[in-house]
Amino acid sequence: MTVTIEEKIKHIQEAAMTEAREEGNRIIESHQKALDSLYNKHVEENRVQAATRIKTETIKAKQQLNQVAAKAQVDLKRNVGKQLISLKKQVFTEVRTLVDDFMKTDDYKDLLQKYINDAAAYAAGESLTIYISPADADKKADMESRSGL
C-alpha cells in the first residue's frame with residue numbers, strides 16, 4: 001500500500017491540527033484556571049474588606065450612640081440638679097413661713113417659757129444668763145414676767 005504525498009500531507013495536517021487543538025485547549029484551560037484563581041482572590045479580598053468596613057462602621061455607630069447617651073445623661077443630671085435646688089428653695093421657704101407663723105402663736109411663747117424654766121431648773125439656783133434671739137426681743141418682757149427670774 002502506497003501512500004501518496006497528498007495523503008501524507010493530509011495525515012500530517014490532521015495530526016498537526018489535532019495537536020494544535022490540544023495545545024490550544026491546554027492554554028485555554030490554564031488561562032481559565034488563572035482567571036478563576038484571580039476571581040476567587042478578588043472575591044475573598046472584597047469579603048474581607050466588607051467585613052472590616054462593617055466592623056468599623058459598627059464601632060463608629062456604637063461610639064456615636066455612647067456620645068449621645070453620655071450627653072443625655074449629663075443633661076439629665078443637670079436637670080435633676082436644677083430641680084433639686086428648686087425643691088430645696090421651696091422647702092426652705094415653706095419651713096421659714098411655718099416657723100414664722102409658729103413664732104407668732106402662744107404655743108411658741110409657751111415653748112420658750114418651758115426652755116427658760118428647764119434651764120433654771122438645771123442651774124439649781126445658780127446664776128443664769130439667758131440669751132434671746134433678736135427675733136424674739138419683743139417677747140422678752142413677757143417672758144420675764146412669766147418666769148419670775
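Mentor: Before anything else, one rule: a side-chain nitrogen of Lys or Arg within 4 Å of a carboxyl oxygen of Asp or Glu makes a salt bridge. The model is predicted, so local features need pLDDT of at least 70 and side-chain atom pairs count only at pLDDT 80 or more, while totals for chains, interfaces and linings use all residues. Residues are numbered from 1 along each chain as its sequence is written, and side-chain values use heavy atoms, leaving out hydrogens and water.

Trainee: What makes the contact between Arg78 and Asp75 a salt bridge?

Mentor: The closest N and O atoms of Arg78 and Asp75 are 3.1 Å apart. The cut-off is 4 Å, so the pair qualifies. Arg78 and Asp75 both lie in helix α1, three residues apart, or about one turn of the helix. Asp75 also forms a salt bridge with Lys71, with 3.3 Å between the closest N and O atoms. These two are four residues apart in helix α1, again about one turn.

Trainee: Why are Lys71, Asp75 and Arg78 spoken of as one network?

Mentor: The three are joined by salt bridges that share partners. Asp75 pairs with Lys71, and Arg78 pairs with Asp75.

Trainee: Which of these counts as exposed, and which as partly exposed?

Mentor: Buried means under 20% relative accessible area, exposed over 50%, and partly exposed in between, with a 1.4 Å probe and protein chains only. Lys71 has 55%, so it is exposed. Asp75 has 27% and Arg78 has 46%, so both are partly exposed.

Trainee: How do you know that Glu23 and Arg26 form a salt bridge?

Mentor: Their side chains meet at 2.5 Å, N to O, which is within the 4 Å limit. Glu23 and Arg26 are three residues apart in helix α1 (residues 5–103), and so are separated by about one helical turn. Glu23 has a relative accessible area of 37% and is therefore partly exposed; Arg26, at 47%, is partly exposed too. The whole structure has six salt bridges.

Trainee: What makes a run of residues a helix, and how many are there?

Mentor: Helices (H or I, at least four residues) and strands (E, at least two) are DSSP runs, numbered from the N terminus. The protein chain has three helices and zero strands, in the order α-α-α from the N terminus on.

Trainee: Why is the group around Met103 called a nonpolar core?

Mentor: A nonpolar core is a set of buried Ala, Val, Leu, Ile, Met, Phe, Trp, Tyr and Cys residues joined through side-chain atoms within 4.5 Å. The largest such core has five residues: Met103, Tyr108, Leu112, Ile116 and Met143. Helix α2 (residues 106–123) supplies the largest share, three residues. Tyr108 has 12% relative accessibility, so it counts as buried.

Trainee: Why is the pair of Phe102 and Tyr108 called edge-to-face?

Mentor: Rings of Phe, Tyr and Trp (its six-membered ring) pair if their centres lie within 6.5 Å; planes under 30 degrees apart are stacked, over 60 edge-to-face, and the rest tilted. The count by this rule is one aromatic pair. The centres of the Phe102 and Tyr108 rings are 5.6 Å apart and the planes stand at 75 degrees, so the pair is edge-to-face. Phe102, at 34%, is partly exposed.

Trainee: What makes Val91, Val95 and Val99 a patch?

Mentor: Patches are made of residues with over 30% relative accessible area and no salt bridge, like charges being joined within 9 Å and nonpolar side chains (Val, Leu, Ile, Met, Phe, Trp, Tyr) within 5 Å. Val91, Val95 and Val99 form a nonpolar one with about 210 Å² of accessible area together; such areas come from the Shrake-Rupley method with a 1.4 Å probe, and for residues only the protein chains shown count as cover. Val99 lies in helix α1. At 34% relative accessibility, Val99 is partly exposed.

Trainee: How do you know how the whole chain compares with a compact globule?

Mentor: The radius of gyration is taken over C-alpha atoms, and the globule rule is 2.2 Å times the number of residues to the power 0.38. For 149 residues that gives a value near 15 Å, but the protein chain has 53 Å. Its C-alpha trace spans about 165 × 30 × 20 Å along the principal axes. Buried residues make up 6% of the 149.
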